[in-house]
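User: I have a model open in my viewer and would like to understand the words used to describe it. Could you take me through the reasoning behind them?

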Amino acid sequence: MTSPTSSLPKTAVATGPAGRAMAQPMEAGLLEGLQDHLGLERKASAAYWAMALWFAERELRGFAAHLMAESRGEQQHAGLLADYLIARGQTVDLGELPAPCQQWSDAESALADAFRLEADVTTSLQLLYSLAERAGDVRTTVFLDPMIQGQIAAENGAAHLLGRVRFGRQEAASMLLIDGELAAAQAAAAAPV
């Protein structure tokens, strides 16, 4: 098997658009998909932040803390994608983000949006994986494996929280109970080990 750089002189190294050395070129469609997904992760981060603010304005601090943590997680995913693109010798295109929705009729509507957002991110990652496989880009499939696994868990978590709010029919007592559980979980996650 020959490497993609084997046709270059021994002193030459293939480089990406920013001049960074790269071991394997990236197929244009896959690169576009990764850039689009990075934008989707940033959009998800902004949407979760808006949801966190909405819950905080309604004195549901546990929901707000949970959704703010989700916002940070989506931003971290965008950062991982940016780091990966740079590692592959590519330039990161941040593009513009639309303003997120900031108004919901009730908690269930906001959490339904969160679930749909997670489902969209899962679908996008699975499509990227398929593109990478078709392009024979094993580096990208290896990179995406843990992201997809984590994303499926995030989608499950969003469905569970939405289901609990629906089951409690948004009654004050059930909402406060769930809010307290979310606050306790955030406090436990932030506690030093």
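User: What makes Phe55, Phe63 and Leu111 stand out in the largest nonpolar core?

Analyst: Happy to help! In this predicted model, the largest nonpolar core holds 25 residues, and Phe55, Phe63 and Leu111 touch the most other members. Two or more core residues come from each of helix 1, helix 2, helix 3 (107-135), helix 4 (138-167) and helix 5. Helix 1 contributes the most, with eight residues.

User: Why are helix 1 and helix 2 called roughly antiparallel?

Analyst: Helix 1 (residues 28-57) packs against helix 2 (residues 61-87) at about 165°, with the axes 8 Å apart. Angles over 145 degrees count as roughly antiparallel, and therefore this pair, helix 1 and helix 2, earns the term. Their crossing is left-handed, and the contact has 19 nonpolar, six polar and four charged residues.

User: How do you know which term fits helix 3 and helix 4?

Analyst: Use the angle again: the axes of helix 3 and helix 4 cross at roughly 160° and come within 9 Å. With the cut-off for roughly antiparallel at over 145 degrees, helix 3 is therefore roughly antiparallel to helix 4. Helix 3 passes helix 4 in a left-handed crossing, and 20 nonpolar, five polar and six charged residues make up the contact.

User: Which elements have the lowest and the highest mean pLDDT?

Analyst: Helix 5 (residues 172-190) has the lowest, 78, and helix 1 the highest, 97. The chain averages 90, and 95% of the residues score at least 70.

Terms used: Residues are numbered from 1 along each chain as its sequence is written. This is a predicted model: local features need pLDDT of at least 70, side-chain atom pairs count only at pLDDT 80 or more; totals for chains, interfaces and linings use all residues. Side-chain values use heavy atoms; hydrogens and water are left out. Axes are lines fitted to C-alpha atoms, for helices over the stretch in contact, and angles run from 0 to 180 degrees between N-to-C directions. Helices (H or I, at least four residues) and strands (E, at least two) are DSSP runs, numbered from the N terminus. Angles under 35 degrees count as roughly parallel, over 145 as roughly antiparallel, 65 to 115 as roughly perpendicular and the rest as oblique. A crossing is left-handed if the near helix is turned anticlockwise from the far one by less than a right angle, and right-handed if clockwise. Ala, Val, Leu, Ile, Met, Phe, Trp, Tyr, Cys and Pro count as nonpolar, Asp, Glu, Lys and Arg as charged, and the others, Gly among them, as polar. pLDDT is the predictor's confidence in each residue, from 0 to 100. A nonpolar core is a set of buried Ala, Val, Leu, Ile, Met, Phe, Trp, Tyr and Cys residues joined through side-chain atoms within 4.5 Å. Buried means under 20% relative accessible area, exposed over 50%, partly exposed in between (1.4 Å probe, protein chains only).
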